[in-house]
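Here are some comments for a colleague who is starting to read this structure. Please keep the sequence and the 3D view side by side while going through the points.

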Amino acid sequence: MILELDVGNSWIKWRVLDDKRGVIVTGRAASLAELEGQLSGSAASFVDCRVCAVQSALSNAEHYAGVLRQYVSGRLVFAASGEHLAGVQNSYAEPARLGVDRWLAMAAGYSRVRGACMIIDAGTAITVDYVRDDGLHLGGLIAPGYQQMKKTLVGSTGLVVSDEFLAGPQTCTANCVAAGVETMLSGFMKQVHDDGLVRLGQRARFLVSGGDALLVQRHIESCEVMDDLVFAGLALACPFE
């Protein structure tokens, strides 16, 4: 069995793959300690493990490796951004500095559609990456995520802001925040969509993942939700034969 981890800024997402049955278990943890408890509770042992870790977590890679080694008997691999993967060419002057989660999602998305695409991840941050029809990465955008914008405005006020779709002027502060953030997200996504069609062509595909993917879909109706892009990219970057 293979253990896969996507270590992000807010959550550690994981899943277990079986050679014959595919994905058999999925989970999410808020910390390494919680992940360890979940893995212990699964009573499973894994042959191999591959990890996608954002830069902040990668700086603590030795600690992660020490914990994971308790459950993994074979190979333990941390993915890294490179110059080329699955037909995608990295545009960064220093390829390793491109966030590995973005890199893996681009590779997986492009390998699926085999054409121009925009990869949108809507999580703690919203990342947008443009991939041309020939696989050249044109660059990307990074903006605060939907939940992050709400937290910044609410701060320590104790306001409870709904995720309900709200548009236009509101008559209580919490709803004003919700509608304001929704309006900002709407404007950002419209600009991203229109710019993507100009730069990538009218046949470009819009692929979205992340915890707020459905919120993005409100504003780009043609987008396709693909929640497993990072995991799919992990398999491309770190294949276990």
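The points below take up two sets of annotated positions and two helix pairs.

1. Please bear in mind throughout that this is a predicted model, and that the positions called "binding site" below come from an unreviewed UniProt entry.

2. The UniProt record lists Asp6, Val7, Gly8, Asn9, Ser10, Trp11, Ile12, Lys13 and Thr124 under "binding site". These positions are spread over 119 residues of sequence, and yet they cluster in space, with a largest C-alpha distance of 13.8 Å. From this set, Asp6, Val7, Gly8, Asn9, Ser10, Trp11, Lys13 and Thr124 belong to the lining of the largest pocket. To find the place in the view, it may help to start from glycine 8, which lies in the loop between strand S1 (2-7) and strand S2 (12-18).

3. A further "binding site" listing in the unreviewed UniProt entry names Tyr92, Gly99, Val100, Asp101, Arg102 and Thr173. Are these residues clustered or spread in space? They cover 82 residues of sequence and are also spread in space, with up to 42.1 Å between C-alpha atoms. Gly99, Val100, Asp101 and Arg102 are included in the lining of the largest pocket, while tyrosine 92 is placed in the loop between strand S7 (88-89) and H4.

4. Helix H4 (residues 100-113) deserves a second look together with helix H8 (residues 229-237), since their axes come within 7 Å and cross at roughly 85°. Angles of 65 to 115 degrees count as roughly perpendicular, and H4 and H8 are therefore described as roughly perpendicular to each other. On the H4 side the contact is made by residues including Asp101, Leu104, Ala105 and Arg112, and on the H8 side by residues including Leu229, Val230, Leu234 and Ala237. Sorted by class, the residues of this contact are ten nonpolar, three polar and two charged. Asp101 thus appears both in this contact and in the UniProt listing of point 3.

5. The other pair is helix H5 (residues 146-154) with helix H6 (residues 173-200), which pack at an angle of about 140° with their axes 10 Å apart. That angle makes H5 oblique to H6, and the crossing of the two helices is right-handed. Tyr146, Met149, Lys150, Leu153 and Val154 in H5 meet Val177, Val181, Glu182, Met184 and Leu185 in H6. The contact has eight nonpolar and two charged residues, with no polar ones.

Methods. Residues are numbered from 1 along each chain as its sequence is written. This is a predicted model: local features need pLDDT of at least 70, side-chain atom pairs count only at pLDDT 80 or more; totals for chains, interfaces and linings use all residues. Side-chain values use heavy atoms; hydrogens and water are left out. Axes are lines fitted to C-alpha atoms, for helices over the stretch in contact, and angles run from 0 to 180 degrees between N-to-C directions. Helices (H or I, at least four residues) and strands (E, at least two) are DSSP runs, numbered from the N terminus. Angles under 35 degrees count as roughly parallel, over 145 as roughly antiparallel, 65 to 115 as roughly perpendicular and the rest as oblique. A crossing is left-handed if the near helix is turned anticlockwise from the far one by less than a right angle, and right-handed if clockwise. Contact means heavy atoms within 4.5 Å. Ala, Val, Leu, Ile, Met, Phe, Trp, Tyr, Cys and Pro count as nonpolar, Asp, Glu, Lys and Arg as charged, and the others, Gly among them, as polar. UniProt positions are given in the numbering used here, feature names are shortened, and annotations may be inferred rather than shown by experiment. On a 1 Å grid over the protein atoms alone, a cavity is a set of points where a 1.4 Å probe fits but cannot get out, and a pocket is an open set with protein on both sides within 12 Å along at least five of seven lines; lining residues have an atom within 4 Å of a point.
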